[in-house]
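Reader: Please take one part of this model and look at it closely. I would like the interface between the two chains, with enough on each partner to place it.

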Amino acid sequence: MNYSDNYMIHNCIAIALFCGALFFCLWLWNHRLWGERIKACFKKPFAFLGLTLTVLFFFTAFLDSVSWKSQSLDSTHLKANSQRTALDRIFQVVSGYPEWEYKERATSAPLAKVELHDKDIALKHRHVFGTNVSGVDTAYAVLKGIRPAVMIGTFPLFIAIPLAVILGVLAGYKGGIIDEIVVYIYTTLSSIPGLLLLLAILSVLPKSLFNICMALSLTAWIALCRLVRAETLKLREMEYIQAAKCFGVKLPKILLQHILPNVTHIILITAILTFTSLVLSESILSYLGQGMAESWGTMIASAKTEKAQSPIVWWNLTFASMALFLLVLSVNIVGDALRDALDPRRGGH
Amino acid sequence: MSAYIFRKTLVTLPVLFGTQLLLFLIFFTVSSPTDIARRVKGPKAKEEVLQRWIAEKGYDKPVFYNSQATSLKTKVQDTIFFSYISKLCTFSFGKSDYDDQPIWWKLKDGVGPSLFLTIPIIFASLLISIFISMLAAMFRDTYIDRSTVIFSVTAMSVVYFLYIVAGQFLFSVQFKWFPVSGWSDEYKLYFAALPILIGCIANIGESTRFYRTIMLNEIHADYIRTARAEGLGDLTILFKHLLRNAMIPILTRVIMLLPYMFTGSLLLESFFGIPGLGRLTVDAINFNDFSTISAVVYLSAILYIAANLINDLSYTVVDPRVRLS
């Protein structure tokens with residue numbers, strides 16, 4: 001972890017985001033209009049499982065974000081006073097490896113006692129999922145990959161959702177020149193093939209989390225804006241909106257109080273589905289060389305060389321892709337269940 | 001009708017201009033011409049080689065506005081942007097930055113393999129998805145319906161290139177049914193079989209989810225219930241009533257795949273070594289070949305506009321209630 005000295009700020013941001021997510025879920029659970037439907041939908045076994053898995057993943061990502069310096073008595077070893085996250089500590093306790101000795105020297109198969117290529121060197125511990133080419137335990141690498149995946153899934157949404165909602169609602173409600181401009185912008189952006197745009201942007205910018213999030217949010221806001229604009233066009237013709245306009249209610253109040261609550265279900269469902277497509281695109285970008293450092297995408301990308309080795313090193317690829325699959329599957333299930341709960345056309349089905 | 005087409009085309013032509021503007025912003029404002037030349041020629045190239053390359057391609061002129069020119073006309077015209085746009089209007093794409101080959105030839109050579117791959121993928125996955133979703137609609141609320149949902153959500157959650165890697169490993173390395181990668185003009189089907197198969201399987205999940213939602217929205221309508229009450233058979237209801245009314249969103253989705261049909265699947269082609277437009281694009285990005293990227297984006301934008309237009313026109317064909325204003 002390369003937080004250097006401002007790790008307290010990172011901790012505070014992580015805790016703030018976690019509390020925000022908690023409050024958001026509580027608000028949704030107790031919502032006047034949707035509360036019971038959501039509760040009914042999530043009591044079904046499939047959806048409940050998806051929700052539990054999603055919560056587990058996000059909680060692990062949160063655990064990996066809070067870190068503090070360990071005060072170890074053994075000051076002879078290099079990593080004695082290093083900065084370690086809550087996830088590191090929990091992993092150490094659960095797995096029983098001593099603090100600075102997760103790493104072996106090189107690759108080893110799952111549950112093996114010796115290294116893969118050099119059968120004379122014995123391993124220090126038993127690694128349930130094997131180790132990769134630099135000796136890092138695969139289970140540890142998979143757990144550490146949850147945080148980049150969740151970050152790439154949510155941070156572009158923080159930029160894309162406000163942008164899409166503001167532009168979509170304004171374009172749909174006001175019409176006229178604002179509508180033309182917004183439609184022109186998203187038509188232009190969507191006529192370039194998505195992967196091409198992402199690769200083009202990322203190949204000219206330096207590699208960092210911020211740049212990847214910016215590039216991904218550029219393609220993520222378009223779909224949401226289209227849906228919000230279509231829904232606003234429909235809502236604009238409703239009688240209560242026209243009555244409010246006749247009463248002289250000011251524009252911001254109409255937008256905030258009447259239109260925005262009716263668009264929220266679309267935003268919620270589309271946001272969750274965009275999360276999955278963002279996580280999947282990050283893997284593809286990592287495979288093509290443009291992604292983040294320690295994510296699942298780079299583990300899967302290393303399968304390119306590992307596939308061709310003489311005993312095939314399958315465990316890296318398998319466990320990283322299983323973890324990715326589980327994350328995306330559970331979020332898809334939650335999104336589906338929410339869509340069943342919130343979609344007004346499904347009432348009485 | 002022709003007035004509608006003309007008007008729609010005129011309104012969407014600025015999109016072509018806008019995409020080129022975006023590309024210029026991405027490529028030219030972040031890096032200087034020397035950086036671009038260095039990326040193409042390699043980090044160890046000499047200074048004169050770089051300068052000669054820059055002068056040859058015309059990248060030493062200012063990008064948008066030439067403040068050193070004399071008249072207002074040349075101020076705008078003596079720039080990279082204007083010369084590019086005027087060349088693109090006449091479809092003269094020039095030569096590639098990387099290997100100096102005419103881009104028009106590269107595009108022409110690449111369209112064939114791309115079409116050969118994407119047309120079977122689109123049609124096969126369309127047929128299979130419609131079949132599965134109609135099954136789900138016919139047997140709604142039973143185990144068949146529920147397993148369709150589970151299947152489609154599971155298939156949707158797998159990363160796209162994992163299908164490619166797993167498919168290559170299973171079918172090419174283990175079973176040895178298909179070649180791992182490659183292309184030959186003589187034995188096209190032999191080399192294209194595995195990519196088409198994998199492309200189909202990868203696209204089924206998402207399509208089935210979407211089509212199932214559409215079918216289930218339609219099947220609860222009154223006219224289906226009336227047809228049932230009248231005693232019409234299952235097959236007639238499914239094909240004559242349900243499918244025809246569910247066709248509009250399905251047709252929209254398929255028509256919007258027109259740009260994808262020509263530009264090809266970037267991932268499939270680069271993994272299987274198929275010399276189509278997708279691999280041309282990926283290579284162009286890897287080698288920072290701006291003129292090829294510009295040409296491909298131009299082509300893709302034209303196809304997108306054409307697809308939008310065909311989409312609007314198709315509504316009149318499929319839905320007799322719609323009339324274009």
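Author: The interface comes first below, followed by each chain in turn.

This is a predicted model, in which local features need pLDDT of at least 70, side-chain atom pairs count only at pLDDT 80 or more, and totals for chains, interfaces and linings use all residues. Residues are numbered from 1 along each chain as its sequence is written, chains are lettered from A and ligands numbered from 1 in the order in which they are written, and side-chain values use heavy atoms, with hydrogens and water left out.

At the interface, 40 residues of chain A are in contact with 40 residues of chain B (contact means heavy atoms within 4.5 Å). The size of an interface is often given as the accessible area lost when the parts come together. Here chain A and chain B bury about 3600 Å² between them, and carbon and sulfur atoms give 75% of that area (the loss is summed over both parts, with a 1.4 Å probe). On the chain A side, Ser191(A), Leu196(A) and Val204(A) supply 16% of the area buried against chain B, more than any other three residues.

Chain A has 14 helices and two strands (DSSP runs, H or I of at least four residues for helices and E of at least two for strands, numbered from the N terminus). Its C-alpha atoms fill a box of roughly 85 × 45 × 40 Å along the principal axes. Of its 349 residues, 51% are buried (under 20% relative accessible area, 1.4 Å probe, protein chains only). In helix 4 of chain A, residues 86-95, the buried residues are Ala86(A), Leu87(A), Asp88(A), Arg89(A) and Phe91(A). Just after this helix, Gly96(A) has a positive phi of about 85°.

Chain B consists of 15 helices and zero strands by the same kind of count. Its C-alpha trace spans about 80 × 60 × 35 Å along the principal axes, and 47% of its 325 residues are buried. Contacts between residues 24 or more positions apart make up 69% of those in chain B with a separation of 6 or more.

Chain B also has an internal boundary, between domain 1 (13-89) and domain 2 (109-318) (bounds from an automatic or database domain assignment). The contact there takes 14 residues from domain 1 of chain B and 11 residues from domain 2 of chain B. These two domains of chain B bury about 1300 Å² between them, 73% of it on carbon and sulfur atoms. Their centres, taken over C-alpha atoms, are 38 Å apart.

Methods. Buried means under 20% relative accessible area, exposed over 50%, partly exposed in between (1.4 Å probe, protein chains only).
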